[in-house]
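User: Please go through this structure by question and answer. Short reasoning is enough, with the result at the end of each reply.

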Amino acid sequence: MNKNMEINGKDDLKSPLLQHPNDVVITVSPSDQILLKKIRTLVFKVVGITCSSCVASIEAALGRLDGVHSVAVSVLQGQAVVKYVPEVITAKRIKEAVEDTGFDVAEFPEQDIAMCRLKIKGMACTSCSESVERALRMVDGVKKAVVGLALGEAKIHFDPNVTNTDRIIEAVEEDAGFGADLISYGNDLNKVYLQLGGISSPADFTIIQDSLQSLDGVNHVEIDVDEHKVTIGYEPDIIGPRSIIQHIQKAGTGPNTYEATLFTPPRGGETERQHEILMYRNQFLWSCLFSVPVFVFSMVLPMLPPYGNWLDYKVINMLDVGMLLRWILCTPVQFIIGKRFYAGSYHALRRKSTNMDVLVALGTNAAYFYSIYTMIKALTSDSFEGQDFFETSSMLISFILLGKYLEVLAKGKTSDALAKLTELAPDVACLLTLDAEGNVISETEIDTKLIEKNDILKIVPGSKIPVDGIVTDGESYVNESMITGEALPVTKKLGDKVIGGTVNENGYVRIKATHVGSETALSQIVELVEAAQLAKAPVQKLADQISKFFVPTVVLVSFATWLGWFIPGQAGLYPRVWIPTAMDAFEFALQFAISVLVVACPCALGLATPTAVMVATGKGASLGVLIKGGNALENAHKVKTVVFDKTGTLTVGKPAVVSSVLFSDVSMEDFCDMTIAAETNSEHPIAKAVVEHAKMFRQNNGSHNDLFTEVKDFKVHPGAGVSGKIGERAILVGNKRLMHLSSVPLGIEVDKYVSENENLARTCVLVAIEGRAAGAFAVTDPVKPGAALVISHLRSMGISSVMVTGDNLSTATAIANQVGIDKVFAETDPLGKADKIKELQLQGMSVAMVGDGINDSPALVAADVGMAIGAGTDVAIEAADIVLMKSNLEDVVTAIDLSRKTMSRIRTNYVWALGYNVLGMPIAAGVLYPFTGIRLPPWLAGACMAASSISVVCSSLLLQYYKKPLHAYRESR
C-alpha cells in the first residue's frame with residue numbers, strides 16, 4: 001500500500017451511508033498546493049463488491065492516482081465516494097481506474113456539469129445580450145449559456161474539468177466588453193457562510209481547510225484569508241451546518257481554539273441593482289451640475305437681455321465668453337461622465353456589432369466636435385459667425401442618464417414578487433432536544449440556516465414554519481396562501497406535510513424537518529421562477545431580428561437626413577428663412593441628423609418581452625401558478641383545447657368505497673385479505689381506497705392483523721389493474737378490460753352490478769380468483785366543487801374541453817355530464833392518452849393537458865402545454881410546462897388567462913417601442929418642419945429615447961395588478 005496513505009478505522013467514518021465493519025476510508029495526504037485548489041466529490045456505485053478485500057483493491061487503485069484526495073468505499077451499499085482535485089485528474093480517469101481492477105461502475109455521472117450565475121453590467125439592448133451569449137458559447141467547456149437582458153444576469157452550464165468561472169468571467173469582460181461578477185457557483189442554497197474566530201496565524205487556515213475537506217458530505221471549501229470567512233458547500237443528506245460548525249470548533253488543538261459563527265452575505269442581485277441605481281443617479285446629478293449651466297448660457301440668458309449680454313464679450317477674435325464657458329462645462333460631461341458610451345461603442349464595434357452606445361456616441365461626438373470646429377474658427381477669425389452645439393451634447397447625455405436611472409428603478413420593481421418569496425422563510429426557529437421517550441429536554445433558538453434534516457422543531461401559533469416537514473405532534477390550521485395562493489387555512493394533524501414559509505394560525509405543533517436548504521418547496525419555487533425569468537419567449541425573436549440591422553439602418557437614415565437637408569439648403573431649394581438665424585445649411589442639417597441618431601432606441605425593443613415575462617412569472621408564482629419561462633407562456637395563450645385527466649383532476653382524488661359484493665362462495669374475510677395483498681403494492685388512488693376499505697372491514701370484524709400474505713409475480717397492467725399469485729391462487733384486481741384480457745367470464749349478475757354503479761358515476765373494481773369473478777367494490781370519487789364553473793368559463797374563452805381517462809366509458813360519461821364536458825376518451829392507458837393528444841394536434845388544435853404530473857407524464861410531454869395540478873410541494877415536475885401548486889381547477893383558467901394577458905402586454909410593449917421609433921424618426925428627420933415649423937432638437941430627441949424604455953418597463957409593471965378571472969367574476973356578481 002502507498003506509504004503516503006493512512007488507513008482510518010471505522011470509528012472515523014462520518015457518513016451515515018458508509019457504516020459497515022468492512023467499509024474503509026483512505027485519506028491521501030495532500031500537498032499544500034493541492035489544498036488550495038477546489039475539491040470535488042464523486043459518488044457512484046461499484047458492482048460486485050463482496051468483502052473488504054474488494055474494497056482494498058479499489059482503494060489501492062484510486063489511492064495511487066495523483067489528484068485523488070480521499071476514497072470511501074461501502075461494502076453494504078456498493079458505493080464509492082471519491083474526493084478529487086479536478087485541475088489534476090478527471091472523473092473519467094477515476095472511473096477507468098475502478099474498471100481496470102475488474103469491477104463494473106454504475107450510476108456514474110457521465111459528465112460533470114457545473115452551473116454558475118453571473119451579474120452582467122452595462123447591457124442596454126438585445127444586441128448586448130446576444131454578444132454576451134456568443135462570447136460565452138465560444139468558451140471551451142461551456143455547454144449552455146442563457147443571458148437575461150431584463151435581469152442583467154447570465155446562467156452558464158459548463159464542464160469544470162475544462163474551464164472555470166474565472167475563464168468565463170474573462171470571456172464576458174475581454175471578448176464581449178461587459179463587466180461581470182459571480183453571483184453564485186453550483187447550488188448556493190446548500191452552502192453555509194461562516195465567520196472564523198481564534199485565527200492567529202496562516203497555518204490556522206490550512207488546519208481548518210484540511211479538517212473540513214476530510215468531512216464526508218463537504219464538497220467545497222473556500223476561505224477568504226483577509227476577511228476570516230469561509231464558504232462551505234455540503235450535501236444535506238450527509239451533513240449539516242451545525243455539525244460543520246462543531247467540527248471547526250474541535251479542530252483547534254492545545255491553546256488554539258477556533259470559533260465559527262454564521263454570517264449572511266449580501267444578496268448579489270439586490271446589491272448590484274442598488275449599486276447600479278446609485279451609479280446612474282450620481283452620474284445624472286454630476287451631468288446636471290455641468291449641463292444645466294450650459295443650457296442656461298445657450299438657451300435662457302441670450303433671451304433675457306441685458307442679463308445675457310456679458311456672454312457676448314469677445315475673448316480672442318470672435319471667440320466669446322459664452323462659447324468658452326460652454327466648452328469648459330461640456331467637456332467633462334462628454335469625456336468623463338459620458339465615457340461609458342465610448343467604452344460600450346468600442347466593445348460593440350470590436351465584436352462587429354452595434355448597440356445604443358454607438359448611436360449616442362455618434363450623436364454626441366457629431367455635436368461636440370462640430371462645436372470644437374466652430375470654436376477654433378471663431379478663435380482664429382475676426383469675422384467668422386457660427387453656432388456651437390455644446391448644449392446638445394451635454395443635455396443629450398444628461399437626459400439619457402436620467403432615462404437609464406428611471407429605467408433601472410422600474411426594472412427593479414419587475415422582480416418584486418420573487419423578492420417577496422425569498423423573504424417568506426423566518427430568520428430563526430425553535431429546536432427541540434428529545435429524550436428516548438419523546439419528552440422535551442431542551443429548547444434552543446437557532447438560525448433557520450442551521451436546521452438539519454430530521455430536526456424536531458416547535459411551531460407556536462402565529463409563527464412561520466421554517467422548513468418543509470411533517471407534523472409529529474399537535475394539530476393546527478396553516479395559512480398556505482403565500483405559497484399556493486389558497487386563501488382558506490388548511491388543517492394539519494399528525495403525519496401531514498407542512499411547507500416552509502407558511503404561517504401556523506392557531507395551534508401548537510411539532511414538526512420533523514424533511515427538506516432543508518435547496519430541497520424546500522420555497523427554494524425550488526424561487527429557483528424555478530428565476531430560471532423562467534431567464535428563459536426567452538419565442539416572440540423575443542422579433543426583437544432579436546430587428547436588433548441585427550437596427551443601428552446600421554438608423555446611421556444610414558441619419559446620414560441621408562443630413563444630405564436631404566444640406567444639399568437642398570446649399571442649392572437654395574427651400575426658403576432661407578427656414579434656417580434659424582446664426583446657422584448655415586450644414587449646421588441646420590446636422591441638427592436633424594443628430595436628432596435621428598438619438599431618437600432611435602433599440603433598448604425599448606429588447607425590454608419589451610423579458611420585462612413582461614419577469615413580472616408575469618413572478619405574479620403567477622404568488623398566485624400558486626408556476627410558469628416555466630416565456631416558451632410556456634407563449635404556448636399557453638394559443639391553447640384551444642384542454643384535455644383533463646379524471647381522477648384527482650376533475651374529481652377530488654380521494655376515492656372511497658361505497659359498496660362491496662361477493663359473486664362466489666369465497667368468504668368476505670378471505671376476499672378482503674387477498675385484495676389487500678394484491679393492491680398494497682399499487683400507487684393508484686382507487687387501489688388505496690379499496691385497501692383502506694378492506695382493512696376497515698377486517699378491523700370491524702375483530703381482526704387486528706396487519707400482516708398479509710405477500711403477493712408473488714406481481715404485475716401492473718396500465719389502465720386496467722394488477723395481477724399476481726397469493727399462495728397457489730392467481731388473483732386479478734381491476735376493471736372489466738382486465739377481466740376480458742384475462743378471459744375471465746362475467747355473468748349477468750356481475751354485468752348488472754357494474755352497469756348500475758357506472759350509471760351513478762361510480763368505478764367498479766372487479767376481483768377474480770383462479771379465473772372466476774369473486775366479487776367487486778364500487779368506488780366513488782366526487783367531482784370537485786368548481787369543476788363545472790371552470791369548464792363553462794373555458795368555453796366562454798373559446799376553449800373546448802376533453803376528458804381522457806383509464807376508467808370505463810359509463811363512469812367517465814357520467815362525470816363528464818356533471819361538469820359539462822362533451823368529448824370523452826375512456827379506458828385509455830398512459831401511452832394512449834399521449835396518442836389521443838397527438839390526434840387532436842393533427843386536427844390543428846393547440847392542446848393543453850391537465851394531469852397529476854406523475855402517471856400522466858407521457859401526455860404532459862406530448863401536449864403543447866403540460867399542466868401538473870395539485871403538485872403540492874413537488875414543484876420539480878420535469879414533464880410539466882406549468883405547475884399548479886394546489887388542486888384547484890380554477891388555476892387552469894388563471895394560467896391560460898395570465899398567458900393571454902402577458903402576450904397582449906408584450907404586443908402593447910412592441911407598439912410602444914416601435915411607435916417611438918416609427919413616429920419619432922420621421923419627426924426628428926424634419927418631415928413636419930416644412931408644414932408646421934415643428935422640429936425635434938437633439939436634446940429633446942434624447943429625452944424621447946429615454947422615455948420609450950421607461951414606458952415599456954412601466955407597461956410591463958401593470959401586470960402586477962393582475963387578478964384571477966374567476967375571482968373577478970365572483971366579485972362582479
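The turns below deal with strands, cores and a surface patch of this predicted model.

User: What is the strand order of the open sheet of 6 strands?
Analyst: The pairing in this sheet is antiparallel. Its edge strands, each pairing on one side only, are strand 18 (440–447) and strand 23 (497–498). Read across the sheet, the order is 18-17-19-25-20-23.

User: Which residue is the bridge partner of G469 in strand 23?
Analyst: Strand 20 covers residues 468–474 and pairs with strand 23 in the antiparallel sense. The pairing extends over 2 bridges. In strand 23, the partner of G469 is V498.

User: Which side chains of strand 3 point to one face and are buried?
Analyst: Side chains alternate along strand 3 (residues 40–47). T41, V43, K45 and V47 point to the other face and are not buried, where buried stands for under 20% relative accessible area. The buried set is R40, L42, F44 and V46.

User: Which residue of strand 6 stands opposite V46?
Analyst: Strand 3 has antiparallel pairing with strand 5 (residues 79–84) over 6 bridges, and there R40 stands opposite Y84. Strand 3 is also joined to strand 6 (residues 104–106) by 3 bridges, again antiparallel. In strand 6, the residue opposite V46 is V105.

User: Which helix gives the largest share of the largest nonpolar core?
Analyst: This core has 128 residues, and those touching the most other members are I156, V642, F644, M867, I882 and V892. The largest share amounts to 11 residues. They come from residues 890–924, that is, helix 29.

User: Which residues does V642 touch, not counting residues up to four places away in sequence?
Analyst: V642 is one of the residues that touch the most other members of the largest nonpolar core. Contact here is taken as heavy atoms within 4.5 Å. The residues touched by V642 are L794, I799, S800, S801, V802, A848, V850, V892 and I896.

User: How many residues are in the other core, which lies apart from the largest one?
Analyst: Members of this other core include I199, V218, Y258 and I446. It lies apart from the core of 128 residues. Its count is 37 residues.

User: Is M303 buried or exposed?
Analyst: M303 is placed in the loop between helix 8 (268–300) and strand 15 (314–316). Together with M299, V300, L304 and Y307, M303 makes a nonpolar surface patch of about 510 Å². Because its relative accessibility is 64% and the cut-off is over 50%, M303 counts as exposed.

Conventions. Residues numbered from 1 in each chain as written. Predicted model: local features only at pLDDT ≥ 70, side-chain atom pairs only at ≥ 80, totals over all residues. Heavy atoms only, no water. Pairing = 2+ DSSP bridges. Helix = DSSP H or I, 4+ residues; strand = E, 2+ residues; numbered from the N terminus. Core = buried A, V, L, I, M, F, W, Y, C linked by side-chain atoms within 4.5 Å. Buried < 20%, exposed > 50% of the residue type's maximum accessible area, 1.4 Å probe, protein only. Patch = residues over 30% accessible without salt bridge, like charges linked within 9 Å, V, L, I, M, F, W, Y side chains within 5 Å. Areas by Shrake-Rupley, 256 points an atom, 1.4 Å probe, with all protein chains shown as cover. Salt bridge = Lys/Arg side-chain N within 4 Å of Asp/Glu carboxyl O.
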